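Trainee: I would like to take a close look at a single part of this protein, namely its aromatic ring pairs. May I ask for a connected explanation?

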Amino acid sequence: MEQIIHAHDIHGYFDGLASYLTGSEVLQGSEHKILLSPLLGTGSITRQKIRPGIEVVLSDMTLQEDWKQYITEDQVFEIHYCFSGNTDCFVNGKSFSTDVRPCNVYSMETTELYLHKKSKQKYQCLEIRMSPEQLLRYFEGENDYAYVQKWLQKQLGNITPLKDTVMLKRAVHEIVNSTYQGAMKRLHLESKIMEMLLLVLDNGLQGAGSWPVSKIKKQDRERLYAARQLIEERLENPLSLKELARATELNEFKLKTGFKELFGMTVFEYLRDLRLEKGMLLMRIDQLNVGEAAIAVGYSNPSNFSAAFYKKYGCNPLQYRKST
């Protein structure tokens with residue numbers, strides 16, 4: 001199937017796509033769901049409007065034939081997360097595949113985008129789409145406005161991968177599995193979108209050289225980001241503070257004070273939060289029991305994991321697991 005879609009606002013892409021699809025449609029408030037007809041495949045595409053200028057599109061489908069999509073959009077900022085299925089994308093002479101990079105961020109302005117989705121593959125994708133103006137509204141009246149605006153301009157026409165961290169996985173999972181309804185669901189989804197935007201901006205602006213987050217020297221800032229990455233990579237077997245300082249060529253004082261200033265928490269707090277978040281995902285998604293989840297994230301004593309979990313989330317992990 002060949003689709004040519006001209007979107008004049010942020011919601012035009014889904015509306016244009018809907019015109020090509022035959023099948024049953026379900027409209028419930030701000031949610032619009034299209035069930036594919038047997039001629040096109042199986043599954044569905046759902047669009048949830050959060051507010052004018054922000055929407056979430058979730059695809060869960062298997063196609064009967066290849067889709068070739070030629071898309072022109074006036075302005076869009078998108079975070080695209082692919083769980084399964086390989087989409088080939090071509091824009092401005094550049095190409096990428098979701099097989100290689102599951103999460104990508106891009107910003108377009110009157111740009112032609114070509115997407116190729118292949119038949120007989122299961123496509124499960126989450127798209128968070130917003131207008132650049134809506135993104136900038138979150139920074140109105142703040143000194144940060146100019147920095148975000150400058151970053152968006154540099155991002156135009158580019159496709160940037162976002163590291164698939166535990167924090168990102170958690171936000172994505174909660175968007176896809178939100179159990180709220182109506183206005184409460186829109187509020188919940190927007191809060192998760194804000195978490196993802198923080199990860200995107202943190203990833204994109206930390207190297208911009210103009211983001212006024214601290215007075216830490218550039219070289220030390222790069223080493224602190226390297227320290228954070230080492231923490232994320234070694235949740236189950238973390239380095240001691242001394243080993244982490246040595247590995248990143250920082251002294252312990254700079255590591256401790258710089259990490260707190262740059263990321264708003266201590267090294268220990270960051271490690272603990274990541275472990276608890278991963279443990280929560282393991283219990284919810286992989287259905288591990290409390291002891292198994294504790295060991296998987298580096299707690300040798302499940303009772304210590306339970307105590308830390310209760311302190312952070314206000315319930316013990318056994319109660320949480322039973323509720324999922």
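Trainee: Does Tyr-114 count as buried or exposed?

Mentor: In this predicted model, Tyr-114 has a relative accessibility of 18%, so it counts as buried, the cut-off being under 20%. The residue belongs to one of the 8 aromatic pairs counted in the structure. Its partner is Phe-90: the ring centres lie 5.6 Å apart and the planes meet at 25 degrees, so this pair is stacked. Phe-90 is found in strand β7 (residues 87–91) and Tyr-114 in strand β9 (residues 103–117), so the pair ties together parts that are 24 residues apart in sequence. Unlike Tyr-114, which is buried, Phe-90 is partly exposed, at a relative accessible area of 39%.

A second pair, Phe-259 with Tyr-270, is edge-to-face, with 5.7 Å from centre to centre and 65 degrees between the planes. Here the link runs between helices: Phe-259 lies in α8 (residues 252–263) and Tyr-270 in α9 (residues 267–284), 11 residues apart. Both Phe-259 and Tyr-270 are buried. Elsewhere, ring pairs join Tyr-299, Phe-305, Phe-309 and Tyr-320 into a cluster.

These pairs may be placed within the whole chain, which has 12 helices and 11 strands. Its radius of gyration is 21 Å, close to the 20 Å given by the globule rule for 324 residues, so the chain is as compact as a globular protein of that length. Buried residues make up 46% of the 324 residues. Of the contacts with a separation of 6 or more, 67% involve residues 24 or more positions apart.

Key
Residues numbered from 1 in each chain as written. Predicted model: local features only at pLDDT ≥ 70, side-chain atom pairs only at ≥ 80, totals over all residues. Heavy atoms only, no water. Helix = DSSP H or I, 4+ residues; strand = E, 2+ residues; numbered from the N terminus. Rg over C-alpha atoms; globule rule 2.2 N^0.38 Å. Buried < 20%, exposed > 50% of the residue type's maximum accessible area, 1.4 Å probe, protein only. Contact = heavy atoms within 4.5 Å. Phe/Tyr/Trp six-rings, centres within 6.5 Å; stacked < 30°, edge-to-face > 60°.
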